Amino acid sequence: MNKLKRMKRNFKFFFPLILKTQPILILFLIIEALLGSASNFVWILFPKEIIEELTGNRDVKTLIILIVCFAVSNSLINFINGILSNADNYYSRKVDFAIDKMMNDKIMLVDYFQLENPEFKDLVSRAKKGMNEYSNGIYSMLWNIQAFVRNIITIFGVIGIVIFSKEYLVVVICAVGIVANWLITSKQKKLDKEFNDSFTRSWRRINYYNGTIFGFKNHKELRIYNGKRMVLNTCDEFNKPVFSKYKKQYHKYARIDIVERIITILFTKALTLILLTYSCYKGNITLATLTMLYSSIGTLDNNFYGLIYTIKTYSQDCEYQEEFINLMELQNVFRKGKEKLDKIETIELKNVSFKYPGQEKYVLKDINMKINSLEKVSLVGLNGSGKTTLIKLLCRFYPLETGEILINGRDIEEYDYNDYMKKIAVVFQDFFIISFSIKSNIANCDENKEKLYDCLRRAQALELVEGLEKKENTYVNKWFDKTGIEFSGGEKQKFAIARALYKDGDFVVLDEPTSALDPMAEAEIYYHFNDVIGKKTTLFISHRLSSCIFSDRILVLDGAQIKEEGTHLELMKNKDSLYYKMFTSQAKYYE
Ligand code: ADP
C-alpha cells in the first residue's frame, strides 16, 4: 500500500474514533496549533521593533509598551498552551484506553484457532507495539496533525516576511538544507522500521520469558527444577544476538544523525548569518531587520524541519498502526450463520476428519457418531486419541477439515454462533478459574443466589463455600482482594463444574471433570450423576471407567477413529476390545 493511501486509511480509522470518544481533543489541538505559530511571530516581530526603537527614536514610553506587550503575549501563549497540553495528555490517555479495550474485545471475539496461530500472535504483538511503543498511539496522529497545521501557518508567514525583505538567496540556501534534511530523515525512519519489523518475533519470545517469570503460579516448577537457570540462560542466549543487532543499528543511526546536524548548521545557520551580516554591513538592511531575518530563517528552518519530521513520522506511524487496523478488520471464519437455535436436540458428526493447523497427522479420521436428545454418552480412549479435540470441534474452536457437524439435523455453520454458544456448557480438562469472586466465576454477572447455591450443592462445593467468611463473595487468590484464598485444584474444579451447571445449557460436555477431586467427592458426583447434571444431553470423558457404567452408550476412540460402540455390558462381552482391556486393567486395582 502506498504511503498516501496508508495515511488516508489511518485517518479514516482513527479520526472518527477520536471524534466519538473525545471530540474536545480536536478543539484543543487546533487552539494549540494556532497559538504555537502565533508564538513564533511574537518572537520574530517584537525583538525587531524593540531594536528599531533602541537604534532609532529611543522613546522610553514606546519601549515600555513594546516590552510589556512582548512579555504578556508570550506568557499568555505559554500559559494557555501549558494548560491545553496537560489537558490533551489526559484526554488522549482516555482514547488510549478505548484503543486497549478495542484490542481486548477483538481478542475475545476472534476465532479460537487464531489464538494458536503464530502469525496471528505476531500480528497482535505488532499491533500492540505499533500502537504503544513504536508510535505514540492515537496521540501520534493528533500531535502530527497539530504540528502540521502549526508548521504550515508559520512557514507561509515567515516566507512572507523574507520575501518582503527581498533576501532571496537566503531562501535558496534554506531550501538546500531542507532537501538534505528530508533525505536523511527518510533514511532514519526506514532504518527504524526495518529494525522493528525484524524483531517482532524476538520481542514476542522475550515477552514469553518475562511472562514466565511474572506468572507466579509457574514458580512451583521453576523452583523445584531450577527453572531460574534454564529460563535465564535461554533468555541470555536469546538476548545476545538481539542486542548485538541493536548495537549495529544504533551506530548506523548515529552516523546519519551527525551528518544531518553538520548539514543543518552549515547551510541554514552559518551561511545565512554570513550573508545577512554582509547585507547589513553594505547598508542594504538595518540591524533590526538583520535580527528579524535571522530569527525568521531559524524559525523557517525549524518549521520546515518540523514539517518534514511530522510528515515522515506520521507516514511511519501509519505503517506501524496499520497492523492494529489489520487486526481490527480481521474477519472471523465462524459467526457467519444466522439461523436461530431454540434448543439443542441431537448432535451428529458425519465423516468428520480433522488435523491441527500446520500438522500432517489426522487426529480424527472419518468420525461418524450421533448423540440423541437427553442421551448420556461416554467417550473413552487412550491418551492422545483425540477426545478433547472432538470436544473442541463441538465448541466450534476449529474449522473442520472435511465432514460436517449437524445440530438437530442441520449444519452447525448455519446457526447463529452466539445462539449455539449459549446452549453448550463445558467443563474443560484444563479449566480456567479467573481471579475474581466465586460468584463471578460461576454466575458471571447474574444475581440468582438460589440458583448459585443449588449449583454449588450439586458440584459438592456447598460446604466449602458456606464455611468461608465472605461466602460466595470470596475471591479466588489475591490478585484483586488481599483476603482472597488460594483454593486447591479440586476445589477450583468444583467451581468449574458449578459454572457449567449454572449455565444450564442443553448440551453438557464434561472432559475429565473430576480429575482433581478426592474419591469421596468424585463418588458423590457419579452416584448422583442425574441430579448433578439434570435432564441434559451429555458427552462425558473420563479415565475412571467405572463412571462410564451408568452412561447410555460408550464410544471408544482409537487410532483417530471410533472403533467400538455400545453399553458397558455390550462392550465387556468382547474380551479383545480396547474397552474391556482398559476397564479390567483399572478394575484389578480396586479388587
Ligand atoms: P486426548 O484428549 O484423547 O488425550 P487430544 O485430543 O488432546 O487427546 O489430542 C490428540 C492429539 O492432538 C495429540 O497427539 C495431541 O498432541 C495433538 N494436539 C492436541 N492439541 C493440539 C494443538 N492445539 N495443536 C497441535 N496438536 C495438538
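**Close-up 1. An open sheet of 6 strands with mixed pairing.** In this predicted model, the strands follow one another in the order β6-β7-β8-β3-β9-β10. The edges belong to β6 (424–427) and β10 (561–566), each of which pairs on one side only. From one strand to the next, the twist averages 20°. If you are tracing the sheet for yourself, β8 and β3 are handy names to keep in mind, as they sit next to each other in the strand order and both come back in the cavity view below.

**Close-up 2. The pairing of β3 with β9.** Here we look at β3 (376–381) beside β9, which covers residues 553–558. The two strands run in the parallel sense and share 5 bridges. One pair to pick out is Val380 and its bridge partner in β9, Val556.

**Close-up 3. The largest cavity, with a volume of about 80 Å³.** The model holds 4 cavities of 30 Å³ or more, and this view shows the largest of them. Its lining brings together Lys376, Val377, Ser378, Tyr526, Phe529, Thr538, Phe540, Ser547, Phe550 and Ser551. β3 gives the most, with 3 residues, while β8 (537–541) also supplies at least two. Sorted by class, the lining has 5 nonpolar, 4 polar and 1 charged residues.

**Close-up 4. Gly534, in the loop between α18 and β8.** This loop connects α18 (529–533) with β8 (537–541). Beyond its neighbours within four places in sequence, Gly534 is in contact with Lys376, Arg458 and Phe529. Two of these names should be familiar from the previous view: Lys376 and Phe529 are both part of the lining of the largest cavity. Arg458 is 76 residues away from Gly534 in sequence, yet the C-alpha atoms of the two are 9.7 Å apart in space.

**Close-up 5. The second largest cavity, with a volume of about 60 Å³.** For the last view we move to a cavity lined by 10 residues. Lying nearest its centre are Arg126, Lys193, Asp197, Tyr320 and Glu323. Three helices, α4 (118–132), α6 (168–198) and α10 (287–328), each supply at least two lining residues. By class, this lining divides into 2 nonpolar, 3 polar and 5 charged residues; for the largest cavity, the corresponding counts are 5 nonpolar, 4 polar and 1 charged.

Definitions and conventions:
Residues are numbered from 1 along each chain as its sequence is written. This is a predicted model: local features need pLDDT of at least 70, side-chain atom pairs count only at pLDDT 80 or more; totals for chains, interfaces and linings use all residues. Side-chain values use heavy atoms; hydrogens and water are left out. Helices (H or I, at least four residues) and strands (E, at least two) are DSSP runs, numbered from the N terminus. Contact means heavy atoms within 4.5 Å. On a 1 Å grid over the protein atoms alone, a cavity is a set of points where a 1.4 Å probe fits but cannot get out, and a pocket is an open set with protein on both sides within 12 Å along at least five of seven lines; lining residues have an atom within 4 Å of a point. Grid points are joined across faces, edges and corners, and a volume is the space filled by probe spheres set on the points. Ala, Val, Leu, Ile, Met, Phe, Trp, Tyr, Cys and Pro count as nonpolar, Asp, Glu, Lys and Arg as charged, and the others, Gly among them, as polar. Two strands pair if DSSP finds at least two bridges between them. Axes are lines fitted to C-alpha atoms, for helices over the stretch in contact, and angles run from 0 to 180 degrees between N-to-C directions.
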